[in-house]
Amino acid sequence: MADEDPELSRDEVLRALAALEAGWQRDERGLAVLGERGPGERTLPALLAIYGERTLRALLTLAVGGQEGLSTQEAMDAADQLDRSVVGRISGVLGQALESWAETAGDDSVAAGHIARTVIGAIAAVSQDAEGDDVLPLIAALRTQTLRESC
């Protein structure tokens with residue numbers, strides 16, 4: 001992505017998760033409200049692209065490295081292994097595609113919904129069955145983890 005390691009605040013992560021949920025449920029009104037932003041805030045499509053790329057990369061790193069609780073060195077080794085794999089390279093292409101899509105979308109809430117569903121599909125494909133039957137509980141778990149980590 002253009003910003004090599006964009007930091008996301010807790011509020012941005014929570015906004016992204018709310019948008020993922022609204023996108024999955026095809027709640028256009030919710031996406032429009034979440035798309036409203038103040039000065040200096042990212043567009044919703046851009047936020048979703050950043051969150052999606054980072055989350056997918058983290059999940060793939062865990063998949064390569066094994067269980068949670070990796071040491072710092074094990075996590076770095078898993079990330080290096082991911083970077084060398086075809087899965088890691090394809091994940092990078094998906095991240096670039098999401099970024100390009102977000103750049104052209106601007107503040108478009110319909111595009112945000114499409115990006116949200118693409119991100120959810122990628123996350124579900126890595127973290128659970130490919131059907132996506134447990135998407136809402138997955139989003140709830142990610143939200144709980146975010147809130148726990150920010151305490």
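# A walk through an all-helix model

The structure holds 5 salt bridges. Three of them are described below, after a look at the chain as a whole. The model is predicted, and confidence is given as pLDDT, on a scale from 0 to 100. The chain averages a pLDDT of 85, and 88% of its residues score at least 70. Confidence varies between helices: helix 2 has the highest mean, at 96, while helix 4 (residues 72-84) has the lowest, at 82.

The secondary structure consists of 7 helices and 0 strands. Followed along the sequence, the pattern is therefore α-α-α-α-α-α-α. The chain has 151 residues, and 38% of them are buried. About 8500 Å² of the chain is exposed, with 52% of that area supplied by carbon and sulfur atoms. Among contacts with a separation of 6 or more, 69% are between residues 24 or more positions apart.

The interior comes next. In soluble globular proteins, nonpolar side chains tend to be buried together. In this model, the largest nonpolar core has 26 residues. The members that touch the most other members are Leu-17, Leu-20, Leu-44, Leu-48 and Tyr-51. Two or more residues of this core come from each of helix 1, helix 3, helix 5, helix 6 and helix 7.

Leu-44 is a useful residue to select in the viewer. Setting aside residues up to four places away in sequence, Leu-44 touches Arg-15, Ala-19, Leu-31, Leu-34, Gly-35 and Ala-112. Ala-19, one of these partners, also leads to Gly-30: the two C-alpha atoms are separated by 7.7 Å, and the residues are 11 apart along the chain. Gly-30 is found in helix 2. Is Gly-30 buried or exposed? Its relative accessible area is 17%, so Gly-30 is buried, since the cut-off for a buried residue is under 20%.

Between helix 1 (10-24) and helix 2 (28-35) there is a loop, and Arg-26 lies in it. Most residues other than glycine have a negative phi. Arg-26 is not a glycine, yet its phi is positive, at about 55 degrees. With a relative accessible area of 55%, Arg-26 is exposed.

Now to the salt bridges. One of them joins Arg-143 and Glu-21, with the closest N and O atoms 2.9 Å apart. Arg-143 lies in helix 7 (residues 135-149) and Glu-21 in helix 1, so this pair ties together parts that are 122 residues apart in sequence. Both residues are partly exposed: Arg-143 has a relative accessible area of 24%, and Glu-21 has 25%.

What else does Arg-143 contact, leaving aside neighbours within four places in sequence? Besides Glu-21, its partners are Leu-14, Leu-17 and Ala-18. Leu-17 has already appeared as one of the core residues that touch the most other members. For Leu-14, the C-alpha atom is separated from that of Arg-143 by 6.6 Å, although the two residues are 129 apart along the chain.

A second salt bridge is formed by the side chains of Asp-107 and Arg-37, at 2.8 Å from N to O. Where in the chain are Asp-107 and Arg-37? Asp-107 is in the loop between helix 5 and helix 6 (109-127), and Arg-37 is in the loop between helix 2 and helix 3 (44-65). The pair links distant parts of the chain, 70 residues apart. Asp-107 is partly exposed at 46% relative accessibility, and Arg-37 is partly exposed at 39%.

A further salt bridge involves Asp-11 and Arg-10, whose closest N and O atoms are 3.8 Å apart. Asp-11 counts as exposed because its relative accessibility is 53%, where the cut-off is over 50%. Arg-10, at 39%, counts as partly exposed.

The last stop is on the surface. Which residues make the nonpolar surface patch of about 280 Å²? The patch is made by Val-86, Val-87 and Ile-90. Val-87 is found in helix 5 (residues 86-105). Its relative accessible area is 44%, so Val-87 is partly exposed. Nonpolar side chains thus appear in two settings in this model: in the buried core of 26 residues and in the surface patch that includes Val-87.

Definitions and conventions. Residues are numbered from 1 along each chain as its sequence is written. This is a predicted model: local features need pLDDT of at least 70, side-chain atom pairs count only at pLDDT 80 or more; totals for chains, interfaces and linings use all residues. Side-chain values use heavy atoms; hydrogens and water are left out. Patches are made of residues with over 30% relative accessible area and no salt bridge: like charges are joined within 9 Å, nonpolar side chains (Val, Leu, Ile, Met, Phe, Trp, Tyr) within 5 Å. Accessible areas come from the Shrake-Rupley method with a 1.4 Å probe; for residues, only the protein chains shown count as cover. A salt bridge is a side-chain nitrogen of Lys or Arg within 4 Å of a carboxyl oxygen of Asp or Glu. Helices (H or I, at least four residues) and strands (E, at least two) are DSSP runs, numbered from the N terminus. Buried means under 20% relative accessible area, exposed over 50%, partly exposed in between (1.4 Å probe, protein chains only). Contact means heavy atoms within 4.5 Å. pLDDT is the predictor's confidence in each residue, from 0 to 100. A nonpolar core is a set of buried Ala, Val, Leu, Ile, Met, Phe, Trp, Tyr and Cys residues joined through side-chain atoms within 4.5 Å.
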